[in-house]
Structure formats: C-alpha cells, structure tokens
Amino acid sequence: MVYDAPLWDSEQFKEANRDYISRIERDDMDAIYDAVLDTLFVEIDGPKEALTEHFIDNIMVRIDPETLQIVGFEILDFLEDFVPANR
C-alpha cells in the first residue's frame with residue numbers, strides 16, 4: 001500500500017532520528033545487494049519489521065512504526081541508475 005503523506009508527525013520523526021549517525025556508528029550495519037532486483041538493502045542493527053516509505057528518486061527509507069527510528073533503506077536500480085547518477 002502506498003500513502004501520499006506519512007502517517008506520523010514530521011517533528012516526532014525528526015526527534016526520533018536525531019541520533020541517527022551515532023546509531024549507525026554504534027550498531028551493526030549490513031548491506032546486501034540483490035542482483036536480480038538490482039537493489040541495495042541496508043539494515044541498521046539487523047533485520048526488523050518496518051514500514052517502507054519513498055524518500056527521493058529511487059531511495060526508500062525503512063522506519064520502525066513504533067519508535068519512528070530509521071532502521072534501514074533500500075536503493076532501487078542501484079547499478080543501473082543510482083551509481084551512474086551519483087558518482
């Protein structure tokens with residue numbers, strides 16, 4: 001299901017992710033590339049149930065619906081589109 005607007009308050013989302021960089025440095029971060037889908041999956045502190053929201057272009061952000069913390073992201077068309085456009 002795709003929503004046009006987030007289901008949470010943007011200020012709550014910002015507050016929940018103020019420590020985003022320190023969480024990345026502190027917790028494990030895994031990157032998995034799926035060649036069939038040409039998608040790069042990045043997980044922070046292991047796989048979790050999350051909502052996936054379109055962020056920009058071909059970047060999807062995975063958000064824990066209870067804490068509103070970013071728990072990962074997906075980059076679609078990684079080698080075909082993202083890498084050449086972001087060298």
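This tour moves from the whole chain to its sheet and then to one strand, β4.

**Whole chain**

Start with everything shown. Keep in mind that this is a predicted model. The C-alpha atoms of the protein chain fill a box of roughly 35 × 35 × 25 Å along the principal axes. Colour by secondary structure: the chain has three helices and five strands. Following the sequence from its start, you should meet them in the pattern α-α-β-β-β-β-β-α.

Next, turn on the surface. The protein chain exposes about 6,300 Å², and carbon and sulfur atoms supply 54% of that area. Of its 87 residues, 32% count as buried. Now select the charged side chains: 7 are positive and 22 are negative. The centres of these two sets lie 6 Å apart.

**The sheet**

Hide the helices and keep the strands. In what order do the five strands lie in the sheet? The order is β1-β2-β5-β4-β3, in an open sheet with antiparallel pairing. Select residues 29-34 for β1 and residues 51-56 for β3; these are the edge strands, each pairing on one side only. Look along the sheet to see the turning of its strands: neighbours are rotated by 20° against each other on average, ignoring direction.

**Strand β4 and its neighbours**

Select residues 59-63, which make up β4. Add residues 70-75, strand β5; the two strands pair in the antiparallel sense over five bridges. To see one bridge pair, pick Ile-59 and its partner in β5, Ile-75.

On the other pairing, β3 and β4 run antiparallel and are joined by five bridges. Here, show Glu-53, which stands opposite Val-61 in β4.

**The two turns**

Move to the hairpin of β3 and β4, where two residues lie between the strands. Select Asp-57, which takes a positive phi near 45°. Then go to the hairpin of β4 and β5, which has six residues between its strands. In that turn, Leu-68 has a positive phi of about 65°.

**Inside β4**

Return to β4 and show its side chains. In a regular strand the side chains alternate between the two faces of the sheet. Which residues of β4 lie on each side? Ile-59, Val-61 and Ile-63 are on one side, while Met-60 and Arg-62 are on the other. Both faces are covered, and each of these residues is buried.

Bring the rest of the chain back into view. Why is β4 described as largely enclosed by the rest of the structure? Because five of its five residues are buried.

Terms used
Residues numbered from 1 in each chain as written. Predicted model: local features only at pLDDT ≥ 70, side-chain atom pairs only at ≥ 80, totals over all residues. Heavy atoms only, no water. Helix = DSSP H or I, 4+ residues; strand = E, 2+ residues; numbered from the N terminus. Buried < 20%, exposed > 50% of the residue type's maximum accessible area, 1.4 Å probe, protein only. Areas by Shrake-Rupley, 256 points an atom, 1.4 Å probe, with all protein chains shown as cover. Lys, Arg positive; Asp, Glu negative; His and termini not counted. Charge placed at Lys NZ, Arg CZ, Asp CG, Glu CD. Pairing = 2+ DSSP bridges. Axes fitted to C-alpha atoms, helices over the stretch in contact; angles between N-to-C directions.
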